[in-house]
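Trainee: I'm new to this structure and would like a close look at one part of it. Could you walk me through the sheet in the first chain, and then show me how that part sits among its surroundings?

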Amino acid sequence: MKHLLSTADLSRADAIRILDTAAQMAATQSREIKKLPTLRGRTVVNLFFEDSTRTRISFETAAKRLSADVINFSAKGSSVSKGESLKDTALTLQAMGADAVVIRHQASGAPHTLAHAGWVDSAVVNAGDGMHQHPTQALLDAFTMRRHLVARGAAGAGGTRVAGDPTGQDLAGLKVAVVGDVLHSRVARSNVHLLHTLGAHVTLVAPPTLVPVGVETWPCDVSYHLDEVLAETAPDAVMMLRVQRERMSGSGAGGGAFFPNPLEYTRNYGLDGRRLALLPDHTIVMHPGPMNRGLEISAEAADSPRAVIVEQVANGVAVRMAVLYLLLAGEASTERAGLE
Amino acid sequence: MSSGPAVPSSEPPVTPEDPSDGVTTVLGEAEIARALTRIAHEVVERNKGAHDVVLLGIPTRGVPLAARLAERLASIEPGLVAADVVGELDVTMYRDDLHKHPVRTIGATHLPASGIDGKVVVLVDDVLFSGRTIRAALDAISDIGRPRAVQLAALVDRGHRELPIRPDYVGKNLPTSLSERVSVRLVETDGAASSGEPVTDAVLISQRPTTPSEATR
């Protein structure tokens, strides 16, 4: 593994390896001294062309906990605002000797271009590109699900699992409902592929206007009715997606041309106390953040003990430490040449 | 050139010169058991009891060795529970050769419930060679606590130290050449991988393979 660009490229073994490594990283984060010397002398550049708080801080924390040097680069206040191209920015980073570039870009495919155009030798980690992929978010979601649902020997999964240590296990048999603005969501795209690879069954729930064209080729089911899905499939995890109003044009009334008004969206697709009560007792509630409280998720659901939203953020650091470790710690020349 | 060993067949079939496989068994199951029993007594003698002692095994094969030592300590010292004094310490993230090998899988670190602060930590590993693993272990220990003392137990000391590190307890001193490979086989770690054949504990010496694909310690 030289780059992490898309969850569609990850094999089951790779994904489990990342989750297992993340579990060991998470264990070190409960110590008094959280810093490890593993990536001492390596340089990680956070290249953010799009606003982000938690992803950038999470990557920065992960790199610093592994003793790497971190350079933060955001498009605002950089030469990009003067019109510098991605290529020239990349060549600058190459000249500075970056070992890994963590990139978030508004254009789908920008990380792929950076990884394959030959501008940089460094490992490239996709931290979200346009409406394409956000692989570390999907990995941290899978890690959170495995921790909560696999370790306890999930109900409805055949009951053959050993309760306790989920190391080495996938998510076979788990049912996950991904609800909301699937059209604009790179989180949903990443999760569909990763969860499918790990053996979970994904059901997307969205209004017809927010379901992307071509969804029938994705390895998942699609439904337009949240209540039906919650009652009939009894999902083990419900992942609410943020309604990305900044990507909806003409959003005068709240939803642009995608839904009549926010109240109607909430009534049909929002997770509230009533819908929470429909779910099995072990079901966890997830949200990639930032939340629109009162739109896709009510305060009651977001603050309920079944919500693991804050834990997702903590797990994000461990998963990103694992990704940086697996990309950067090994032998530079052969490892990268062999798998590229 | 010559086919077969140049010695009578009544000799043990494990002479180092044997070109067919070139594997010599240095310690067998019984010798390993006796060495561990002796080390356990030495630990108790040196530390005037075992109630402050914590045994930390270094993965992979240090872990079952530490567990076996803990059982012996429990049988020597009344009132001692083996599970309370044994743990495992993964040193992967502290190694100085990470960039010279393909990415290593990170093992688990488990400490006994009592922690290691103020205790005597005995590191347990199978083969002591360059000393670099122990150097990494010392760094790992300083990140998780402050023991009163750190001691080192190794089943085999094969020499060729590259750092000023010495063992406190040794199962067997084994003078080797750098072209040789010392491997330890334990029922706990190597039993399942075998294809049906019963596996017994052993310490083996073989010639280092000349193919560069073979991983080296």
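Mentor: Happy to! Let's begin with residues 2–146 of chain A, where the chain is 41% helix and 17% strand, with its end C-alpha atoms 25 Å apart. An unreviewed UniProt entry annotates these residues as "domain: Aspartate/ornithine carbamoyltransferase carbamoyl-P binding". Please keep in mind that what you see is a predicted model.

Now step back to the whole chain for a moment. Chain A has 12 helices and 9 strands, and its C-alpha atoms fill a box of roughly 55 × 50 × 40 Å along the principal axes. A compact globule of 340 residues would have a radius of gyration near 20 Å, and the 20 Å of chain A agrees with that.

Here is the sheet you asked about. Follow the strands of chain A in the order S7-S6-S5-S8-S9: these 5 make an open sheet with parallel pairing. Strand S7 (221–223) and strand S9 (284–286) of chain A stand at the edges with a single partner strand each, so each has one side without a neighbour in the sheet. From one strand to the next, the twist averages 20°.

Let's zoom in on one pair. Strand S5 (residues 175–179) and strand S8 (residues 237–240) of chain A are joined in the parallel sense over 4 bridges. To find your place there, look for Val178(A), which has Met239(A) of S8(A) opposite it.

Helices pack on this sheet too. Helix H5 (residues 135–150) of chain A touches S8 and S9 of chain A, and its direction makes about 165° with that of S9(A). Helix H7 (residues 226–233) of chain A also packs on the sheet, touching S5, strand S6 (201–205) and S7 of chain A; the angle between the directions of H7 and S5(A) is about 170°.

H5 is worth following further. Two packed helices are described by the angle and the distance between their axes. The axis of H5(A) comes within 8 Å of the axis of helix H11 (residues 309–328) of chain A, and the two cross at roughly 115°. That crossing of H5(A) and H11(A) is right-handed. From H5(A), the residues that meet H11(A) are Thr136(A), Leu139(A), Leu140(A), Asp141(A), Phe143(A) and Thr144(A). Their counterparts in H11(A) are Glu311(A), Gln312(A), Asn315(A), Gly316(A), Val319(A), Arg320(A) and Val323(A). Sorted by class, the residues of this contact of H5(A) with H11(A) are 5 nonpolar, 5 polar and 3 charged.

Finally, the surroundings include a second chain. The contact between the chains takes 14 residues from chain A and 14 residues from chain B. On the chain B side, 8 of the residues touching chain A are nonpolar, 3 are polar and 3 are charged.

While you are looking at chain B, try its antiparallel pairs. Strand S7 (residues 180–185) of chain B is joined to S8(B) by 6 bridges, and Val184(B) has Val203(B) of S8(B) opposite it. Strand S1 (residues 24–27) of chain B pairs with strand S8 (residues 202–207) of chain B over 3 bridges, again in the antiparallel sense; here Thr24(B) stands opposite Ile205(B).

One more stop in chain B: UniProt, in an unreviewed entry, places the "short sequence motif: PRPP-binding" at residues 121–133. This span of chain B is 62% strand and 15% helix, and its end C-alpha atoms lie 16 Å apart.

Conventions: Residues are numbered from 1 along each chain as its sequence is written. Chains are lettered from A and ligands numbered from 1 in the order in which they are written. This is a predicted model: local features need pLDDT of at least 70, side-chain atom pairs count only at pLDDT 80 or more; totals for chains, interfaces and linings use all residues. Two strands pair if DSSP finds at least two bridges between them. Axes are lines fitted to C-alpha atoms, for helices over the stretch in contact, and angles run from 0 to 180 degrees between N-to-C directions. Two residues are in contact if their C-beta atoms, placed from the backbone, lie within 7 Å. UniProt positions are given in the numbering used here, feature names are shortened, and annotations may be inferred rather than shown by experiment. Ala, Val, Leu, Ile, Met, Phe, Trp, Tyr, Cys and Pro count as nonpolar, Asp, Glu, Lys and Arg as charged, and the others, Gly among them, as polar. A crossing is left-handed if the near helix is turned anticlockwise from the far one by less than a right angle, and right-handed if clockwise. The radius of gyration is taken over C-alpha atoms; the globule rule is 2.2 Å times the number of residues to the power 0.38.
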